[in-house]
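Work through these exercises with the model open beside you. Each one sets a task and then solves it step by step.

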Amino acid sequence: QPLHTLRAAEKELLPGFHQFEWQPALKNVSTSCNVGIINGLSGWASSVDDSPADTITRRFRYDVALVSALKDLEEDIVEGLRDSGMEDSACTSGFNVMIKECCDGMGDVSEKHGGGPAVPEKAVRFSFTVMSVSVLADDGEVTVFTESKPNSELSCKPLCLMFVDESDHETLTAVLGPIIAERYAMKESRLILSIGGLPRSFRFHFRGTGYDEKMVREMEGLEASGSTYICTLCDSSRAEASQNMVLHSITRNHEENLDRYEIWRPNPFSESADELRDRVKGVSAKPFMETQPTLDALHCDIGNATEFYKIFQDEIGEVFQKANPSREERRSWRAALDKQLRKTMKLKPVMRMNGNYARRLMTLEAAEAVCELVPSEERREALRELMRLYLQMKPVWRATCPAKECPDQLCRYSFNSQRFADLLSSTFKYRYNGKITNYLHKTLAHVPEIIERDGSIGAWASEGNESANKLFRRFRKMNARQSKAYELEDV
């Protein structure tokens, strides 16, 4: 088709096409509805002493993007109303929309074949997914739309693309600031938008669950992930978590982190650095963005697989008998493990554990392959048992809807995690003496509670955003127009 017809079709799909209004009007946000792609730094009032953010970023205005996402779902919403027997005219108000937010940094996105020096370019993408739309009826809340594939890149709408290193806290917060201000304004207001030919009013609920641990710690002002305060959900220290592996409950939240930061700053009790740190449990920066305390299923998978990989190495070398093996010994065990996995499982060694490797490694056949290299029979049995328990637990935090997909494993989760913890603290205690990895702690201690609260962990994970990163890379390599400013527009 000729370009202008495509452009016209595109216009309807891009945010900024549909009319809408907010009641009351949003604070700090311009009143115009037809906004397309804007400069990501607009809306950020820089003060005199701020250095200007030298970064390219493009975004949609949050409310405009939400309107566009709802208009995409218009048919589904109308159909849902019809199915639940609520006549179109009857319900125009009382719609609630659940939004999942994801934000993830991506490494090297520099031009692969452009001229000029290779710059270490990094990008951060912020996106959202409409998880469900429900409406208040006389007999309670009726869900008229539920996202069936919450982890597909198709349901994951990009909101902001920025060339920023996610570790550069200052620039990241500067760019995300306006988005958070808009999100905050939208919480206090309702959207009036025509769906199915009638104006209806929507309230939005935002849940920031699609962040990996690094991002959560950065946004919530916690120390980095090597900290003694191991968990973004509870106050446990690493030593406590390795002693008591299962019994913890979720205590942290955004408000509490803010309060703790306010204690950290003035140090009202004039305590020493260590005492103060213990009082605020590792909150030592200003929490910048509210995240929902949950567990990131994808990185949980990867973190635990890394841990198992190390256990496999240690078991091949029978570390439970030795004091501290040399690096050469460790290297030889690792080589043996890689060779065995390559031979039996066709698994090539990877530099950094990734999702696909993790999924292949965490299987009974991989455990069997490793067992061939483990000398003593009782250690082999312990390894098999460990893997069996893990495979029982895993579906619970991977499934989109565990109550439907794996009810038995869900019921047995606490029992299984207790058994798993017992195994670690007895047979494998050489690894867990006073230390435990962050994700292993969360897997053992917090999963049932999160599922009781949210109904699912897998559905709220960051996969949609991660798989859309692939698309982003595709687009970056398209050099239809050579200049950087246009490239983000293309995406």
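Buried means under 20% relative accessible area, exposed means over 50%, and partly exposed covers what lies in between. Keep in mind that this is a predicted model.

**Exercise 1. Classify E381 and R388, and say how the two are joined.**

Step 1. Take E381. Its relative accessible area is 36%, so E381 is partly exposed.

Step 2. Take R388. R388 has 36% relative accessibility, so it also counts as partly exposed.

Step 3. Check the pair. E381 and R388 form a salt bridge, and their closest N and O atoms are 3.1 Å apart.

**Exercise 2. Place the salt bridge of R419 and E385 in the chain, then find the network around it.**

Step 1. Start with the distance. The closest N and O atoms of R419 and E385 are 2.9 Å apart.

Step 2. Locate the partners. R419 sits in helix α15 and E385 in helix α13 (residues 377–398), so the pair links distant parts of the chain, 34 residues apart.

Step 3. Classify both. R419 has a relative accessible area of 32% and is partly exposed. E385, at 21% relative accessibility, counts as partly exposed.

Step 4. Follow shared partners. Salt bridges join E368, E377, R380, E381, R384, E385, R388 and R419 into one network.

**Exercise 3. Is the salt-bridged pair D314 and R431 buried or exposed, and which parts does the pair tie together?**

Step 1. Count the background. The structure holds 35 salt bridges.

Step 2. Pick out this pair. The side chains of D314 and R431 meet in a salt bridge of 2.9 Å, N to O.

Step 3. Locate the ends. D314 belongs to helix α9 and R431 to the loop between α15 (407–426) and α16, so the pair ties together parts that are 117 residues apart in sequence.

Step 4. Apply the cut-off. D314 is buried, and R431 is buried too.

**Exercise 4. Decide how far α16 is enclosed, and name what covers it.**

Step 1. Count. Eight of the eight residues of α16 are buried, so this helix is largely enclosed by the rest of the structure.

Step 2. List them. The buried residues are N438, Y439, L440, H441, K442, T443, L444 and A445.

Step 3. Find the cover. It includes α5, α6, α9, α13, α15 and α17 (447–454).

Step 4. Look into one covering helix. S242 lies in α6 (residues 238–243). At 4% relative accessibility, S242 counts as buried. Leaving out residues up to four places away in sequence, S242 touches Y432, N433, G434, K435 and I436.

**Exercise 5. Describe the largest pocket, and explain why it lies between two domains.**

Step 1. Size it. The volume of the largest pocket is about 1700 Å³.

Step 2. Find its centre. The lining has 42 residues, and H299, I302, R352, M353 and N354 lie nearest the centre.

Step 3. Trace the lining. Elements that each supply at least two residues include β4 (95–106), α5 (213–219), α10 (327–345), α11 (355–361) and α18 (463–477). The largest share, nine residues, comes from α9.

Step 4. Sort by type. The lining residues divide into ten nonpolar, 15 polar and 17 charged.

Step 5. Assign domains. Domain 1 (11–212 + 463–479) and domain 2 (297–454) both give residues to the lining, so the largest pocket lies between them.

Technical notes
Residues are numbered from 1 along each chain as its sequence is written. This is a predicted model: local features need pLDDT of at least 70, side-chain atom pairs count only at pLDDT 80 or more; totals for chains, interfaces and linings use all residues. Side-chain values use heavy atoms; hydrogens and water are left out. On a 1 Å grid over the protein atoms alone, a cavity is a set of points where a 1.4 Å probe fits but cannot get out, and a pocket is an open set with protein on both sides within 12 Å along at least five of seven lines; lining residues have an atom within 4 Å of a point. Grid points are joined across faces, edges and corners, and a volume is the space filled by probe spheres set on the points. Helices (H or I, at least four residues) and strands (E, at least two) are DSSP runs, numbered from the N terminus. Ala, Val, Leu, Ile, Met, Phe, Trp, Tyr, Cys and Pro count as nonpolar, Asp, Glu, Lys and Arg as charged, and the others, Gly among them, as polar. Domain bounds come from an automatic or database domain assignment. A salt bridge is a side-chain nitrogen of Lys or Arg within 4 Å of a carboxyl oxygen of Asp or Glu. Buried means under 20% relative accessible area, exposed over 50%, partly exposed in between (1.4 Å probe, protein chains only). Contact means heavy atoms within 4.5 Å.
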